[in-house]
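Trainee: I'm new to this structure and would love a close look at a single part of it. Could you walk me through one pocket and then show me what else is worth seeing around the chain?

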Amino acid sequence: MKTKCLIIGSGPAGYTAAIYASRANLSPILIEGPQPGGQLTTTTTVENFPGYPDGVDGNQLMEDLRKQAVRFGTDIRTGIVKEVMFAQRPFDVTVGGLDEKIEAETVIIATGAAAKYLGLPDEQKYMGMGVSACAVCDGFFYRNRTVAVVGGGDTACEEAVYLAGLAKKVYLIVRKDYLRASKVMQQRVLQNPKITVLFNTNTVGLFGKEVLEGAHLVEYMGTPREQLFDISIDGFFLAIGHQPNSAVFAPYVDMDNAGFIKVRAHSQATNIDGVFAAGDVADPVFQQAIVAAGAGCRAALEAEKFLLSVQ
């Protein structure tokens with residue numbers, strides 16, 4: 001099986017790359033991966049994606065992008081990439097579930113990043129019903145309500161401050177006795193009257209009948225001072241980082257210490273000529289659907305340009 005352009009992963013970056021690659025007559029093959037549509041399929045309503053003034057269901061948004069890619073001729077296949085060979089072009093990619101390897105002139109990696117969770121069974125139970133890993137995505141639904149943010153770094157502090165502009169009260173749950181965030185972010189959190197920081201505190205469970213109603217917390221866990229208590233909350237936001245889905249590419253593609261793929265400015269090109277990366281797998285900063293879609297567009301345009309340059 002051969003293609004001028006193989007896109008690995010779906011979501012806003014993958015589907016947008018497929019739309020542009022198809023319109024450039026690259027006849028792309030797209031491997032959807034284990035979660036077709038990416039992280040947005042776990043979100044209820046998306047209100048910050050342009051073109052949907054009343055918001056749009058995350059699954060519907062991804063289905064719309066998918067249909068658009070198919071309309072222009074993208075060959076979408078179900079499978080998970082097991083191995084890549086990027087030592088020379090054309091590249092060989094082994095996909096679980098397919099009977100043969102794919103030989104690609106260019107590759108666009110759009111495998112995304114998975115939000116880190118605490119590992120509590122209750123997190124999945126209340127996913128989309130009070131539990132979220134993106135304050136910017138879902139914070140609007142908690143206007144004038146009480147929420148909690150888990151984490152102690154810059155991201156957690158930024159999300160706590162952001163949510164304080166919407167919610168009536170924000171708990172910041174920090175397992176250590178200090179914040180790891182920059183001094184500026186610490187000051188913004190500690191000086192905000194809407195934010196209460198719970199130091200030395202771990203979340204051990206969530207509760208609620210149909211939707212999230214509160215969290216079970218432990219202060220000074222594992223010490224003689226250990227104390228159990230509950231807080232009443234409407235929203236529970238995880239801000240303990242994201243894990244890029246990039247491990248399979250590690251033997252060839254340059255990454256930062258966290259595993260995010262390094263790309264050249266404005267081109268989405270990796271250190272391997274003909275291999276590009278777009279979306280959250282190459283974005284440790286913004287991780288927003290519209291940013292991912294733009295990166296997918298750039299990756300496809302650059303892949304087209306690369307193919308013209310090597311003909």
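Mentor: Happily! Sorted by class, the residues lining the second largest pocket are eight nonpolar, five polar and three charged. Please keep in mind that we are looking at a predicted model. This pocket holds about 280 Å³ of space. Its lining is made up of 16 residues, and those nearest the centre are Leu-118, Val-150, Gly-151, Arg-175 and Ile-240. Try finding these five in the view, and you will have the middle of the pocket in front of you. Which strand gives the largest share of the lining? That is strand E14, residues 201-207, which supplies four residues.

From the pocket, let's turn to the helices, starting with H1. Helix H1 covers residues 11-23 and packs against helix H2, residues 58-71, with the two axes 8 Å apart and an angle of about 20 degrees between them. With that angle, H1 is roughly parallel to H2. The crossing of these two helices is left-handed. On the H1 side, the residues in contact are Gly-11, Pro-12, Tyr-15, Ala-18, Ile-19 and Ser-22, and they meet Met-62, Leu-65, Arg-66, Gln-68 and Ala-69 of H2. Taken by class, this contact of H1 with H2 has seven nonpolar residues, three polar and one charged.

H1 has another partner, helix H7, which spans residues 289-310. Here the axes lie 7 Å apart, and the packing angle is about 35 degrees. H1 passes H7 in a right-handed crossing, whereas the crossing of H1 and H2 is left-handed. From H1, the contact uses Pro-12, Ala-13, Thr-16, Ala-17, Tyr-20 and Ala-21, while H7 brings Ala-289, Ala-292, Ala-293, Gly-296, Cys-297, Ala-300 and Leu-301. By class, that gives eleven nonpolar residues, two polar and no charged ones. Notice that Pro-12 takes part in the contact with H2 and also in the contact with H7.

If you follow the chain on from H1, you reach a loop leading to strand E2 (29-31), and Ser-27 lies in that loop. What is notable about the phi of Ser-27? It is near 45 degrees, a positive value in a residue other than glycine.

Another loop to visit joins strand E6 (80-85) and strand E7 (91-96), and Pro-90 sits there. The peptide bond from Arg-89 to Pro-90 is cis, with omega near -5 degrees.

Let's finish with one more helix pair. Helix H5, residues 154-164, and helix H6, residues 183-190, have axes that come within 9 Å and cross at roughly 35 degrees. H5 passes H6 in a left-handed crossing. Asp-154, Cys-157, Glu-158 and Val-161 of H5 are in contact with Met-185, Arg-188 and Val-189 of H6. The residues of this contact divide into four nonpolar, no polar and three charged, whereas the contact of H1 with H7 has no charged residues.

Definitions and conventions
Residues numbered from 1 in each chain as written. Predicted model: local features only at pLDDT ≥ 70, side-chain atom pairs only at ≥ 80, totals over all residues. Heavy atoms only, no water. Axes fitted to C-alpha atoms, helices over the stretch in contact; angles between N-to-C directions. Left-handed = near helix turned anticlockwise from the far one by under 90°. Contact = heavy atoms within 4.5 Å. Nonpolar A, V, L, I, M, F, W, Y, C, P; charged D, E, K, R; others polar. 1 Å grid on protein atoms, 1.4 Å probe; cavity = no way out; pocket = protein on both sides within 12 Å on 5 of 7 lines; lining within 4 Å. Points joined across faces, edges and corners; volume = space filled by probe spheres on them. Parallel < 35°, antiparallel > 145°, perpendicular 65-115°, else oblique.
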